[in-house]
Amino acid sequence: MLAKVFSSAVLGVDAYTVEVEVDIRRGLPSFQTVGLPETAVKESKDRVKSAIGNSGYNFPDDRITVNLAPADIKKEGTAFDLPIALGILSATGMISQQRLEEYLILGELSLDGRVKPVKGSLPVALAARDAGFRGVIVPGENAREAAIVNEIVVLPATTLGELVDFLCALCSIDPVWFDIESLFDQTGGEDLDFSDVKGQEHVKRALEVAAAGAHNLIMVGPPGAGKTMLAKRIATILPQMTFREAIETTKVYSVIGLLSEKQALITRRPFRAPHHTISDAGLIGGGHVPRPGEVSLAHNGVLFLDELAEFKKNVLEVLRQPMEDGEVTIARALTSITYPADFMLVAAMNPCPCGYFSDPNHECTCAYTQIHRYRSKVSGPLMDRIDIHVDVPAVAYKDLVCDDEAEGSDKIRERVNQCRAVQADRLKRTKIFCNAQMSNRQIKAYCRIDKAGEDLLEMAINKLGLSARAFNRILKIARTIADLEQAPDISAQHLSEAIQYRSLDRDNLSV
C-alpha cells in the first residue's frame with residue numbers, strides 16, 4: 001500500500017514542503033530511504049522501527065520504501081522521523097490518509113515513541129501557511145515558536161501514540177496560541193544603560209548619530225578608554241524591532257537551534273561580539289553543511305568587532321559583501337544558499353600596537369613602521385564602508401568621580417526613534433529605511449546643500465586631506481544629524497559635525 005505524509009525541510013532560512021511517500025509491498029523485509037537523504041535521515045529507520053514497536057503497534061515485516069520528494073534536494077536532520085512513522089502506520093491502514101493530508105508534520109522520535117524537538121519550526125510554520133495547510137504538527141517544545149504564525153493551527157506532539165489517537169479521532173490535542181503583542185511588551189528592563197558611562201560625551205553623541213541613521217562606526221582609542229563598554233550599550237538606543245524584523249531574525253536562530261523552549265520570538269535586537277580568532281566561515285557562514293555565521297546572527301542588530309586590527313585580514317575582507325548587500329550567499333556544488341545579514345557594524349581598535357599613540361598620558365613605544373603595519377591590517381575598501389570614525393580618549397579623573405547622572409538610554413532612544421520616523425517618511429516610496437542605505441541618486445535628491453555648505457566641504461577635502469570617497473559618507477551623516485534636529489535642510493553646522501566623524505581619512509592620524 002502507498003501512503004503520503006507532508007513534512008518540510010529548511011533551505012537557508014526558508015522552508016519548503018517535502019512529500020514523504022511510503023510504499024509497503026510483499027517481499028523480503030527491508031527498509032530503504034531515497035530522495036538524497038543524509039546520514040541522519042537514513043538512520044531514521046532504526047528509530048522509527050523501535051518507536052512504532054514500543055508504542056504498541058506492529059511494524060510490518062515487508063519491503064518498505066520511503067521517498068522524500070523533491071528528490072533532487074539533499075535532505076538533512078531528524079525531522080522526518082515522525083512523518084515516516086505516520087506514513088508506515090497509514091500504509092498499513094491504521095490512520096486515515098485524508099486526516100494526514102491536512103497537516104504538515106515534523107519531529108524526531110526517541111526509541112520509546114516520545115517526540116523530540118527539531119530545528120526550523122518557525123520557517124516550517126510559515127511555509128505551511130503559504131502552502132494552504134490547515135495546520136502544523138510539531139514537537140511540544142517547538143510549539144510556541146511555530147505558534148508565532150497565527151493564521152494556522154499549531155498542534156504540539158508529545159508521543160507517537162497520542163498523535164495516532166488524535167489522527168484516528170480517539171482524542172483531541174489543544175492547539176497552542178498566544179498573544180504576540182505581549183512579547184513586545186516584555187522587552188523592557190535592560191541591564192545595560194548609557195547612564196553607566198562616565199564622561200565621553202562626544203563619543204555618546206557619535207553613537208547616537210550612528211544609531212539614528214544605522215551608520216557603521218569605528219572607535220579608536222587607548223586601552224581602558226571605554227570602547228567596549230560603549231559598544232555594548234548601543235543596542236539599548238536602537239529602535240524597537242518591528243514584527244517583520246523579529247520574524248526575520250528569529251528564523252535565523254530557529255534554523256540553527258538557538259531558540260530555547262520558552263523563547264518564541266526574538267524581540268530585542270541581537271548583539272554579537274565574536275572573538276578576533278574567529279574564522280571566515282564562522283563570521284560569514286559556511287561549513288560542510290552550510291549554516292549562518294555571526295553576520296547573519298546579527299541580522300537587524302549589532303555586530304561588534306573588538307580589536308579590529310587583530311582579526312585575520314582574510315576574515316575582515318569577507319565582510320565587504322554583506323556590508324554592501326545586506327545578505328550572504330554561500331555556494332556549494334549542489335546548491336547556493338543565501339542568508340540575511342543586514343547588520344550595523346560597530347568596531348573598536350587601538351591606534352597602534354601598544355595602544356598609546358597620541359595619548360598625552362602615556363608614551364607610545366611603537367615605531368612608524370609598526371603603526372603603519374598595524375593600521376594596514378584594515379584595508380581601505382573595508383574602512384570605506386564604515387561611515388563614522390570617532391576617537392575615544394582616556395577618561396579624565398574628574399569625569400570618573402563626578403556624581404552627576406549621565407543621560408540614560410531611554411531619552412537617547414526617544415530622539416533616535418523620532419529621527420528614524422523622519423527617515424521612514426522620506427524614504428517610504430523606496431525599499432530602504434534609513435540614511436545609511438541611501439544610494440548616490442537618493443543622496444543627490446535628499447542631501448542638497450547650499451553655497452556655504454559646498455565651500456565647507458571643498459575646504460575639508462582640500463585642506464584636511466579627506467579623500468573623495470568620504471564625500472558621500474559625509475553627506476549621509478549630515479543628513480542624519482539634520483534629522484535628529486528635525487531640520488528640513490542640511491546646514492553648514494551639520495556638515496561641520498559630519499566632517500569630524502571622518503578622522504581616519506586624515507593623513508595626520510596614520511603616522
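These are my notes on the two largest pockets in this structure, which is a predicted model.

**Entry 1: the largest pocket.** I started with volume, and the largest pocket holds about 1,300 Å³ of space. I then pulled up its lining, which runs to 44 residues. Ala214, Asp342, Cys434, Ala436 and Gln437 are the ones closest to the centre of this pocket.

**Entry 2: who builds it.** Which elements each supply at least two residues of the lining of the largest pocket? I got the helices α11 (243-255), α15 (320-325), α19 (409-426), α20 (440-446) and α22 (470-484), plus the strand β16 (336-340). The largest share belongs to α15, with 4 residues. I also sorted the lining by class: 16 residues are nonpolar, 14 are polar and 14 are charged.

**Entry 3: the second largest pocket.** Next I looked up the runner-up, and the second largest pocket comes to about 960 Å³. I found 34 residues lining the second largest pocket, and the closest to its centre are Val10, Glu76, Gly77, Val289 and Pro290. Two or more lining residues come from each of β1 (2-11), β13 (291-292) and β16. Which element gives the most to this lining? That's β1, with 4 residues. By class I have 19 nonpolar, 7 polar and 8 charged residues in the lining of the second largest pocket.

**Entry 4: cross-check.** I went back over the element lists and noted that β16 turns up for the largest pocket and again for the second largest.

Definitions and conventions:
Residues are numbered from 1 along each chain as its sequence is written. This is a predicted model: local features need pLDDT of at least 70, side-chain atom pairs count only at pLDDT 80 or more; totals for chains, interfaces and linings use all residues. Side-chain values use heavy atoms; hydrogens and water are left out. On a 1 Å grid over the protein atoms alone, a cavity is a set of points where a 1.4 Å probe fits but cannot get out, and a pocket is an open set with protein on both sides within 12 Å along at least five of seven lines; lining residues have an atom within 4 Å of a point. Grid points are joined across faces, edges and corners, and a volume is the space filled by probe spheres set on the points. Ala, Val, Leu, Ile, Met, Phe, Trp, Tyr, Cys and Pro count as nonpolar, Asp, Glu, Lys and Arg as charged, and the others, Gly among them, as polar.
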